[in-house]
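Thank you for having me on the schedule today. I would like to walk you through some charged pairs and then through the surroundings of the ligand, so please keep the structure in view while I talk.

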Amino acid sequence: MKSQILHILEKNNRVISGDTIGAALGISRVSVWKHIRELQESDYKIIVTSKGYQLVDTTDTPFPWEISGRESKVHYFPELGSTMDIAREMARKGCPHFTVVVAGRQTRGRGRLKREWCSLEGGLYFTLVLRPKISPIFSARLIFCASLTLAHLLNKRFSVPAQVKWPNDILVRGRKISGMLSEMEAEGDRVTFVNIGIGINVNNDLSFQADRAISLREILKKSVSRKELLSMFLDAFENRVEQKNLDHVVSEWKQYTTTLNRKIRIVTQDEVSEGLAKDVDENGTLILELADGSVKKIVHGDCFHLG
Ligand code: BTN
């Protein structure tokens, strides 16, 4: 309902009465008023006159009603510990495929390998709950599909030269703009859910960070709408996941990667390996050629480009 009220207000761009809005949507004037009040409380600037309502300014918060066609599956929280925790709880309780948990900021944002993910206001932080009908051995293809989708979107829609560092970091001119992690639960040979958590530096301030992360705002020299970026990403990702089979995801992903044929260091919880990144197989496993010519297959780890 809120998205429809906003649509009417945006389309008319003048004062419009509660009766007119109510008649168009088949709801009472009082119900219109209640929605308007909630929108005002959510930071929409709507002026109220004796003749009705006028929208004068909107907000960039990714509220569910702003994500077209996904109102019932998007859950927005101004502040959370981590979207991963809420998404896991919801997935275990049976939430539907393509549920999205979004936070305005996170107080305990998680990165891969137990790192912290700095999640200040202005960035985009969300976890997607997926219930793919695939065997657990293919589940990694989904996160490769997510990084491929985001790299493609940044290149094609924003003209930002985004590349992917194995496994799923998105870099622009060598600096990190987005990171992803996933969690899976399965019963036997059936995936119950795969949750993909994505953090994108959109308009958040990174100036105090020691590592060389970068935001879309810094690259484009203007703020970018988080709600539009989220909508675009979800539409493009859903399209790939539902329309195509995932057999060729990694080969498409390779078109965007900057890791192959480079000297790299891989750090896992237990060991450090260095060598040449020879290939990534169709399930995302990295094939590393070591100095003695032998080959090592790496499924998880942190990757550092050495040259
Ligand atoms: C990484 O590069 O180390 C992965 C970063 C993943 C961050 C996202 S933000 C949304 C979701 N919630 C979290 O706590 N982490 C992921």
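Let me begin with R265 and E274, which form a salt bridge in which the closest N and O atoms are 2.7 Å apart. Please keep in mind that what we are looking at is a predicted model. Are these two partners buried or exposed? R265 has a relative accessible area of 30%, and because buried would require a value under 20% and exposed a value over 50%, R265 is described as partly exposed. E274, with a relative accessibility of 41%, counts as partly exposed as well.

Some salt bridges share partners, and in this way D85, R88, R110 and E183 are joined into one network. How many salt bridges does the structure hold? The count is 23, and I will pick out two further pairs.

In one of them, E38 makes a salt bridge with K2, and the closest N and O atoms are again given as 2.7 Å apart. This pair links distant parts of the chain, since E38 belongs to helix α3, residues 29-41, while K2 belongs to helix α1, residues 2-12, and the two residues are 36 residues apart. Here the surroundings of the partners are worth reading separately: E38 is partly exposed at 37% relative accessible area, whereas K2 is buried at 12%.

In the other pair, the side chains of R115 and D302 meet in a salt bridge with an N to O distance of 2.3 Å. Distant parts of the chain are linked here too, with R115 in the loop between β4 and β5, D302 in strand β14, and 187 residues separating them. R115 is partly exposed, with a relative accessible area of 35%, and D302 is buried, with a value of 9%.

R115 also brings us to the ligand, because an N or O atom in the side chain of R115 is 3.5 Å from an oxygen atom of the ligand, which puts the pair within the 3.5 Å limit for a polar contact. Which residues come nearest to the ligand? Of the 19 residues around it, they are S82, T83, R110, R112 and K176. A polar side-chain atom of S82 lies 2.7 Å from a ligand oxygen, and an N or O atom in the side chain of T83 is 2.9 Å from a ligand nitrogen. Taken alone, the ligand exposes 420 Å², of which the protein buries 99%. Two or more residues of the shell come from each of α4, β5, β8 and β9. By class, the shell has five nonpolar, nine polar and five charged residues.

Terms used:
Residues are numbered from 1 along each chain as its sequence is written. This is a predicted model: local features need pLDDT of at least 70, side-chain atom pairs count only at pLDDT 80 or more; totals for chains, interfaces and linings use all residues. Side-chain values use heavy atoms; hydrogens and water are left out. A salt bridge is a side-chain nitrogen of Lys or Arg within 4 Å of a carboxyl oxygen of Asp or Glu. Helices (H or I, at least four residues) and strands (E, at least two) are DSSP runs, numbered from the N terminus. Buried means under 20% relative accessible area, exposed over 50%, partly exposed in between (1.4 Å probe, protein chains only). A residue is near a molecule or strand if one of its heavy atoms lies within 4 Å of it. A polar contact is a pair of N or O atoms within 3.5 Å; within protein, one must be able to donate a hydrogen and the other to accept it, and residues adjacent in sequence count only if both atoms are side-chain atoms. Accessible areas come from the Shrake-Rupley method with a 1.4 Å probe; for residues, only the protein chains shown count as cover. Ala, Val, Leu, Ile, Met, Phe, Trp, Tyr, Cys and Pro count as nonpolar, Asp, Glu, Lys and Arg as charged, and the others, Gly among them, as polar.
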